[in-house]
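Hi everyone, thanks for coming. Let me put the sequence and the structure up on the screen, and then we can walk through a few spots together.

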Amino acid sequence: MISLPEAGYTPANLRTLIEKSGLTQAQAGELLDPPAAPKTMRGWLAPVDSPAHRDMPLKKWIDFLSAVKRTS
């Protein structure tokens, strides 16, 4: 089980899951249905105080957690 630095979706948690799962950002985006575009992934990974930041929808976060769990 991967330990996350914070509770719920945050850019830091998403980054941690991607790194600890050995995925690239592109591979992480491909786990979602429909796949997340690279620009979308960059927005979700951008720091919250950055103008580029976009919140990851809760459904996508849950889907991503499930996909990571299936691949590990």
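Here is a question to start with: how many aromatic pairs does the structure hold? The answer is 1. Please keep in mind as we go that this is a predicted model.

So what does that pair look like? A pair of aromatic rings is described by the distance of the centres and the angle of the planes. For Tyr9 and Trp61, the ring centres are 5.7 Å apart and the planes sit at 65°. Planes over 60 degrees apart count as edge-to-face, so that is what we call this pair.

Now find the two partners along the chain. Tyr9 is in the segment before helix H1, which covers 11-20, while Trp61 belongs to helix H4, residues 58-71. The pair therefore ties together parts that are 52 residues apart in sequence. Are these two residues buried or exposed? Both Tyr9 and Trp61 are buried.

Next, please look at Trp44, in helix H3, residues 38-45. Its relative accessible area is 5%, and under 20% counts as buried, so Trp44 is buried too. Which residues does Trp44 touch, leaving aside those up to four places away in sequence? Among them are Tyr9, which we have just met, along with Pro11, Leu14, Leu32, His53, Met56 and Lys60.

Trp44 also takes us to the packing of two helices. H1 and H3 pack with their axes 8 Å apart, at an angle of about 120°. That angle makes H1 oblique to H3. On the H1 side, the contact is made by Pro11, Leu14, Arg15 and Ile18, and on the H3 side by Met41, Trp44 and Leu45. Sorted by type, the residues of this contact come out as 6 nonpolar, no polar and 1 charged.

For the last stop, let's turn to charges. How many salt bridges does a search of the whole structure find? Just as with our opening question, the count is 1. Lys59 forms this salt bridge with Asp63, and their closest N and O atoms are 3.0 Å apart. Both residues lie in helix H4, 4 residues apart, which is about one turn of the helix. As for the surroundings, Lys59 is exposed, with a relative accessible area of 58%, whereas Asp63 is partly exposed, at 25%.

To recap, we have seen an edge-to-face pair of Tyr9 and Trp61, a buried Trp44, and a salt bridge between Lys59 and Asp63. Thanks for listening!

Terms used:
Residues are numbered from 1 along each chain as its sequence is written. This is a predicted model: local features need pLDDT of at least 70, side-chain atom pairs count only at pLDDT 80 or more; totals for chains, interfaces and linings use all residues. Side-chain values use heavy atoms; hydrogens and water are left out. Rings of Phe, Tyr and Trp (its six-membered ring) pair if their centres lie within 6.5 Å; planes under 30 degrees apart count as stacked, over 60 as edge-to-face and the rest as tilted. Buried means under 20% relative accessible area, exposed over 50%, partly exposed in between (1.4 Å probe, protein chains only). Contact means heavy atoms within 4.5 Å. Axes are lines fitted to C-alpha atoms, for helices over the stretch in contact, and angles run from 0 to 180 degrees between N-to-C directions. Angles under 35 degrees count as roughly parallel, over 145 as roughly antiparallel, 65 to 115 as roughly perpendicular and the rest as oblique. Ala, Val, Leu, Ile, Met, Phe, Trp, Tyr, Cys and Pro count as nonpolar, Asp, Glu, Lys and Arg as charged, and the others, Gly among them, as polar. A salt bridge is a side-chain nitrogen of Lys or Arg within 4 Å of a carboxyl oxygen of Asp or Glu.
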